[in-house]
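Trainee: Please give me a close look at one charged side chain in this model, and then show me how its setting compares with other places in the chain. I'd like the details residue by residue.

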Amino acid sequence: MHDYVNWLRHASPYINSHRDRTFVVMLPGDGLEHPNFANIVHDLVLLHSLGVRLVLVFGSRPQIEARLAARGLEPRFHRDLRITDSATLECVIDAVGHMRIALEARLSMDMAASPMQGARLRVASGNFVTARPIGVLDGVDYHHTGEVRRVDRKGIGRLLDERTIVLLSPLGYSPTGEIFNIACEDIATRAAIDLQADKLVLYGSERGLRDEAGKLVRELRPPQIPAYIERLVGTYQAELLDAAAQACKGGVRRSHVISYAEDGSLLNELFTRDGGDGTLVTQEQFEQLREATIEDVGGLIDLITPLEEQGILVRRSREVLEREIEQFSIVERDGLIIACAALYPIADSDSGELACLAVNPEYRHGGRGDELLERIESRARQMGLKKLFVLTTRTAHWFRERGFEPSGVESLPAARASLYNFQRNSKIFEKSL
């Protein structure tokens, strides 16, 4: 129960920030057939109930393959795109129509004692995607394989305003009445861009992107992605990363690559500060080191109050923090201040004091203290300071390991020595800059 309450409390900022936001979620055909699909539907219903404007794009590749095999037809591809001749198009229409109806039926459930109880969802699908033929590439005719020409932004927007889930199939229609088979990743990317969505969520089989050592790559920026795509060429992960990068370049703030095989991956990714096992692709900096502003006072109080209560830090009132906020540098992670440090120039001297260095206990093994120390030293040098003092009761070894030498009250500049609290009995260290 404690874990549940704690999770819900930490999720509340995201519940508020996601309300009335537009999310485009792409689920490939493999995900629709996975045993975890029912849980994914429940998670989507929860998003909807929390006020998220939801566009669901689905794929049907394995379902198309099954129908081709049943008819004895050989699938053909060029540049990883299906060549959709007339016979293949019949299989595509059959598969897509079957999956659309199955999805609508699943989203219409209202079973007692289930996550769907009382949901009463409205789902709409239709001719929201206008397509054009790819044509002939490298001498290969793609026939009825197409690409997105435009997405009906206004039509979809009106439905979202009415609290309707919009369902987009991997089909597009031309003004001349032709039907085109389109990759679901392309439709999801273009829909996210044209709708100015806040997020694009891309489901794949893998639990996020792994580096060469097998470690989860938690965050990427679009310029970093080509190197990963080159290493993953020919894999579905590469397609997802490319879609995420294109979306971000098109103005979508954040794209998430998560696993349809992992129960709860969507909720973990969207409602926890560090995400689940997914990879975030964003133009923004997920974690940044910057100087504090007056808006950060509340976050600073939340960070340092527990340490003040333990006697590790000297107590500072809100009024003091507001007055001295320009002295602070902070590390902010997705809206949460997880570390801070302050630099106080000492009057009538070329020295400064490093004070109030604090790191959230959950983030103490990521080198953030070292980053803040480096930032404070850099600021001190820019101010022309020659020496840095620090007074501490509990972290003497940490500072000694970083070049600080033991000192005494007699070494402090007079303006600071007169304020020394002998009852607190802090150890004094200094470092030449």
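**Arg402 and its surroundings**

Mentor: Happy to! Let's start with Arg402, which is partly exposed, its relative accessible area being 21%. Keep in mind that this is a predicted model. Arg402 makes a salt bridge with Asp370, and their closest N and O atoms are 2.5 Å apart. Because Arg402 sits in the loop between α14 (396-400) and β22 (405-407) while Asp370 belongs to helix α13 (residues 368-382), the pair ties together parts that are 32 residues apart in sequence. Asp370 also counts as partly exposed, with 33% relative accessibility. Elsewhere, salt bridges with shared partners link Arg61, Glu185 and Glu239 into one network.

How many salt bridges does the count come to? It comes to 26. One of them joins Arg79 to Asp138, with 2.9 Å between the closest N and O atoms. Here the partners lie in two loops, Arg79 between β3 and β4 and Asp138 between β7 (136-137) and β8 (140-141), so this pair ties together parts 59 residues apart in sequence. Arg79 is exposed, at 54% relative accessible area, and Asp138 is exposed too, at 52%.

The loop between β3 (77-78) and β4 (81-82) also holds Asp80. Phi of Asp80 is near 65°, which is a positive value in a residue other than glycine. Asp80 is exposed, with a relative accessible area of 61%. Set beside it Cys356, another non-glycine residue with a positive phi, about 55°. Cys356 lies in strand β20 (residues 351-359) and counts as buried, with 6% relative accessibility.

For a salt bridge inside a helix, look at Glu104 and Arg100, whose closest N and O atoms are 3.1 Å apart. They are four residues apart in helix α5 (residues 86-107), which means about one helical turn separates them. An α-helix has 3.6 residues a turn, so residues three or four places apart point the same way. Arg100 counts as partly exposed, at 29% relative accessibility.

Now for a charged side chain without such a partner: Asp43, in helix α3 (residues 37-49). Asp43 is buried but has no salt bridge, and Arg106, the nearest side chain of opposite charge, is 12 Å away. Beyond residues up to four places away in sequence, Asp43 touches Gly264, Leu266 and Leu267.

An uncharged counterpart is Leu27, in strand β1. Leu27 is buried, with just 1% relative accessible area. Leaving aside neighbours within four places in sequence, its contacts include Phe37, Ile40, Val57 and Tyr260. Leu27 and Ser259 are 232 residues apart in sequence, yet 9.8 Å apart from C-alpha to C-alpha. Strand β1 (22-27) is also among the elements covering the buried residues of α6, as are β2 (53-58) and β9 (146-151). Those buried residues of helix α6 (residues 153-161) are Gly155, Ile156, Gly157, Leu159 and Leu160.

Finally, the wider frame. The protein has 15 helices and 23 strands, and 48% of its 433 residues count as buried. Its radius of gyration is 28 Å, whereas a compact globule of 433 residues would have one near 22 Å. Among contacts between residues at least 6 apart in sequence, 71% join residues at least 24 apart. As for charge, the mean positions of the 53 positive and 62 negative charges are 3 Å apart.

Key. Residues numbered from 1 in each chain as written. Predicted model: local features only at pLDDT ≥ 70, side-chain atom pairs only at ≥ 80, totals over all residues. Heavy atoms only, no water. Rg over C-alpha atoms; globule rule 2.2 N^0.38 Å. Buried < 20%, exposed > 50% of the residue type's maximum accessible area, 1.4 Å probe, protein only. Contact = heavy atoms within 4.5 Å. Lys, Arg positive; Asp, Glu negative; His and termini not counted. Charge placed at Lys NZ, Arg CZ, Asp CG, Glu CD. Salt bridge = Lys/Arg side-chain N within 4 Å of Asp/Glu carboxyl O.
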